[in-house]
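Hi,

Here's the structure I promised to pass on. Have a look, and then read my notes underneath.

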Amino acid sequence: MNIAILGTGAIGSAFAFHLSKAGHTVTTIARGQREQQLRAENAIVLTSGERAAVTVAGQLDTSITYDLVIVTVLAPQVEAVLPALKASAAKTVMFMFN
């Protein structure tokens, strides 16, 4: 599957790592320092050093038909990402936050 993960804190990074390791194509959408870190590595890297390759983007590309977009941003940030999700060509969107 072609999967995008919007939000790469602890939860989003865990999803990205395991989905990549399972053979899915994973794009992480991050900002700021986290985006820079992911771009430098092109991977989610565990403290053990184990790596899982990901593509890194600064925003959701609404023209890509992702099979799944997983949203793991903080609840107060959801409203800000809704316009991009609405415009997205993604087949399915799943929210994973508290």
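Below are a few things I found in it.

Some housekeeping: this is a predicted model, where local features need pLDDT of at least 70, side-chain atom pairs count only at pLDDT 80 or more, and totals for chains, interfaces and linings use all residues. Residues are numbered from 1 along each chain as its sequence is written, and side-chain values use heavy atoms, with hydrogens and water left out.

Helix H3 (78-87) comes first (helices are DSSP runs of H or I, at least four residues; strands are E runs, at least two; both are numbered from the N terminus). Val78, Val81 and Leu85 are buried there (buried is under 20% relative accessible area, exposed over 50%, partly exposed in between; 1.4 Å probe, protein chains only). Seen down the axis of H3, the buried residues fall within an arc of 70 degrees, so they line one face (the arc is that of the directions from the helix axis to the C-beta atoms). They pack against strands E1 (2-6), E6 and E7 (93-95), with contact meaning heavy atoms within 4.5 Å. Glu79 and Lys86 are among the exposed residues on the face turned away.

Then there are four salt bridges (a side-chain nitrogen of Lys or Arg within 4 Å of a carboxyl oxygen of Asp or Glu). One pairs Arg39 with Glu35, closest N and O atoms 2.9 Å apart; Glu35 is buried at 17%, while Arg39 is partly exposed at 41%. Another joins Asp67 and Lys91 at 3.3 Å, so parts 24 residues apart in sequence are tied together.

Cheers
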